[in-house]
Structures are given as structure tokens and as C-alpha cells.
Amino acid sequence: MLIVNIVLAVLLSWIVPYLVGNGFCEVLKIKKTVPKLYVMGLIAIWAFCQFITVPLVLLKASFLTVVILLSAWILILCGYGIYRNHFPSFIKGRGKSREQKIVVLITGILITFFLVAAFFGQHMDADDSRFVVNAVDIVRTNKMFLTDPNTGSEITTWLGELGKDVTAPWAVYLAYCGKVMGLSPAVIAHTILPAALLGAVLGVWWMLSEEFFGAELVHQCVFVDVLMFLYVYGYFSLYSSETFTMVRIWQGKAVIAGLGVPAMFLICIWIYRYGQKSAYACMLFLNFALCLMSGMGVIIGALLLGVFGFLYGIFKRNWRITMCLWGMVIPNVIYYGIYSIIKQGL
């Protein structure tokens, strides 16, 4: 049974996001690469999870409803991508020079070291008593955020820190992973999920390198290598972005620091340089994903969209696009308003 659970974990952590990303990119007519499919697949899953979970939490619906709806969304995108059967090739650029082969080999070794170091260095702290305990309680009770994480007793309204989780239900995503994989969310949070999320972080770095250096494979590899060194040796504080990314990546706020913000800068580049409609859709989905991760994501997503929209209007002299970007902040305003109402106990 454990072997089946491990196979499911690998399938749902790595293969399914890739397939979802293929369907997502196919719908939006986005040029595909392997890193892009994986990262966009995760973003599509997180965005839909946020979109359906917040109203269901407010309605005090069962967790099983989220499982059914999110699974249906995943199956639809996977099925559409497979039906279209347009996958990028994993093997590209045969006939590389000796220099390129050496750099790629070194990068592969460093990535392995990076993932292994992060896997064995996962940090456990007081946040486990919120995110992990909430996720475990959601699976156990089939209710979302209606259990006091300190006492385990049932509650009828959202108190204290739970008020933040209503509009940023990252624990529901952890619970969903645990439910479909057949493993405890605690196990997933500290073993399986970090590897999957760090893979997505590397994917974002690689896509950024493509924007900075084009098709210069050696320059791209060196860029990713330098970033890995900076992160591995950036453990100067428990609260630094490097530490969050390496050893606390399973926490929602760490996903924002390590993946969400770099991905938003990447999509800003796509919008500014190419102006494709698909990039705006990616930005909207990413904004929803940031809101899922943490209450911080609600604020950070709004700030970045607001500043980027303003700068776009100045440099491109296209205030219509600026208004479009600012319009994406509406969900953030709604979520912040809901949290304020809950905080006031209304």
C-alpha cells in the first residue's frame, strides 16, 4: 500500500502538473517548454483551488466538495492537453559543443545537490502548528478551518489566525494533496512537496534566464548555478528569502518568496516585451495563486500589479492596459475586505 501511495505522490507531484500545464498552455496558445508546462500547471491548479475554496469555506461546505471540484478541473486540463497531443520535446539541441555539455553536466550535478540539501534540511517550527495541523484536521474532519488547532475542539466561527486562512487557504491545498495521495499532509509537507516546489522554482529561474540570455545555453546554466550558490549559502537568517526557499518552501509565505514573486516578474517581462493576451491570463491566474499561498500574497500581488500597471502606462503610454492590470487587483480587494470583516468579528 505504501508503494502505491509513493507512486501516486510522484505522479501527482510531477507528472500531473506537467499535464495540466500542457492543457493550460494549449488553451491559451502559449509557446511550450518543459519548465513552462510544469510551472504553469502548478499555477493553474493553485489559482482554481483559491477561486473555489474561499466561497466554499465561507459557506462552511465540506472539504470533499473542494476535492471533487479541483480534481475535475485537473482532469479536464489533463485530458484536453493529452487530446491535443502537443508536447514539447525533452531532448533538444543535439550536437552540443563540448563546453556546453560540460556546463550542462555541472548544472545537473548542482541541481541534484541543491534538491538533496533542501530535502534533508527541511525546517520545522511553530508554523507547523498552523498549516500542517490545519491540513491534518481538514482531512480528519472533512471541515475547513472549523477546528481549533490548539485544542482540536470544533468551533463555529473563525478565530485568531484562522481568519487569515479563510482568504488564503494554503492548508486546504496541503490537505488536498494528502487526500488524493493517501498520505498524511505532515509527511507531504516535509518530504514530497518541497521537492516539487523547488523543481518549480528552478523552472522559473530557467525561464528568466531565457529572457535574459536568449538561447545561450552556457549563460543560462551559469545564471541558474549562481542563483543556487546564493541560495545554498544565504542561510544568514531563519527569515531570509533564501532560507524560506530552501528549508521552508512548503509554507505558503515561502512559496511566495521563492516562486510567486519571481514568477510575477517573469510574466511582467512577457507582458512588457510581447504584449500577448495569454500573458495577461497567466498574470491573473498567478495573482489568484499568490492569494492562496498567504495573506501576504494578497497584499504583495496587489502592490506588484499596481506598480507594474503604473509603470506600463508611463513607458508604453497605454493606459488601457494599465486599467486592465489594475482590474486584476479586484479579487485582492475582495479577499482583504472579507478578512477585515472576519477580524472585526462581524
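Phenylalanine 145 is found in the loop between H5 and H6, and in this predicted model its phi angle is near 60°, a positive value in a residue other than glycine. At 3% relative accessibility, phenylalanine 145 counts as buried, because the cut-off for that class is under 20%. A second residue with such a backbone angle is lysine 29, whose phi is near 60° and thus positive in a residue other than glycine. Lysine 29 lies in the loop between H1 and H2, and with a relative accessible area of 58% this lysine is exposed.

The loop between H5 and H6 also holds a salt bridge, formed by glutamate 154 with lysine 143, in which the closest N and O atoms are 2.9 Å apart. Both partners lie in the loop between H5 and H6, so the pair ties together parts that are 11 residues apart in sequence. Glutamate 154 is exposed, with a relative accessible area of 59%, whereas lysine 143, at 33% relative accessibility, counts as partly exposed.

This pair belongs to the salt bridges of the structure, of which there are 4. Side chains of opposite charge can pair when their charged atoms come close. Another of these bridges joins aspartate 137 to arginine 140, with the closest N and O atoms 3.0 Å apart. Here both residues lie in helix H5, which covers residues 131-141, and they are 3 residues apart, about one turn of the helix. Aspartate 137 is buried, with a relative accessible area of 9%, while arginine 140 is exposed, with a relative accessible area of 53%.

A further bridge is made by the side chains of glutamate 211 and arginine 273, which meet at 3.1 Å, N to O. This pair links distant parts of the chain, since glutamate 211 sits in helix H8 (residues 185-213) and arginine 273 in helix H11 (residues 252-274), 62 residues apart. Glutamate 211 is buried, with a relative accessible area of 13%, and arginine 273, at 47% relative accessibility, counts as partly exposed.

Turning to the start of the chain, asparagine 22 has its place in helix H1, which runs over residues 2-28. Asparagine 22 is buried, with a relative accessible area of 0%. Leaving aside its neighbours within four places in sequence, asparagine 22 is in contact with Lys32, Leu37, Gly81, Ile82, His86 and Phe87.

Further along the chain, helix H15 can be checked for its length and then for the way its residues are arranged. The 14 residues of H15 (residues 330-343) should span 20 Å at 1.5 Å a residue, and the end C-alpha atoms of the helix are 20 Å apart, which agrees. The buried residues of H15 are Pro331, Asn332, Tyr335, Ile338, Tyr339 and Ile342. They cover an arc of only 125° around the axis, and therefore they are on the same side of H15. On the other side of H15, Ile330 and Val333 are exposed. What covers the buried residues of H15 includes helix H2 (34-58), helix H6 (162-167), helix H12 (277-293), H13 and H14.

H13 and H14 also take part in a feature of the surface. Tyr272, Val307, Phe310, Leu311, Ile314, Phe315, Trp319, Met323 and Trp326 form a nonpolar patch there, and together these residues have about 890 Å² of accessible area. Helix H13 (295-316) and helix H14 (319-327) each supply at least two residues of the nonpolar patch, and the largest share, 5 residues, comes from H13. One of the patch residues is isoleucine 314, which has its place in helix H13. At 36% relative accessibility, isoleucine 314 counts as partly exposed.

Helix H14 also contains arginine 320, which is exposed, with a relative accessible area of 62%. The C-alpha atom of arginine 320 is separated by 40 Å from that of alanine 175, and these two residues are 145 residues apart along the chain.

Key
Residues are numbered from 1 along each chain as its sequence is written. This is a predicted model: local features need pLDDT of at least 70, side-chain atom pairs count only at pLDDT 80 or more; totals for chains, interfaces and linings use all residues. Side-chain values use heavy atoms; hydrogens and water are left out. Helices (H or I, at least four residues) and strands (E, at least two) are DSSP runs, numbered from the N terminus. Buried means under 20% relative accessible area, exposed over 50%, partly exposed in between (1.4 Å probe, protein chains only). Contact means heavy atoms within 4.5 Å. Patches are made of residues with over 30% relative accessible area and no salt bridge: like charges are joined within 9 Å, nonpolar side chains (Val, Leu, Ile, Met, Phe, Trp, Tyr) within 5 Å. Accessible areas come from the Shrake-Rupley method with a 1.4 Å probe; for residues, only the protein chains shown count as cover. The expected span of a helix is 1.5 Å times one less than its number of residues. The arc is that of the directions from the helix axis to the C-beta atoms.
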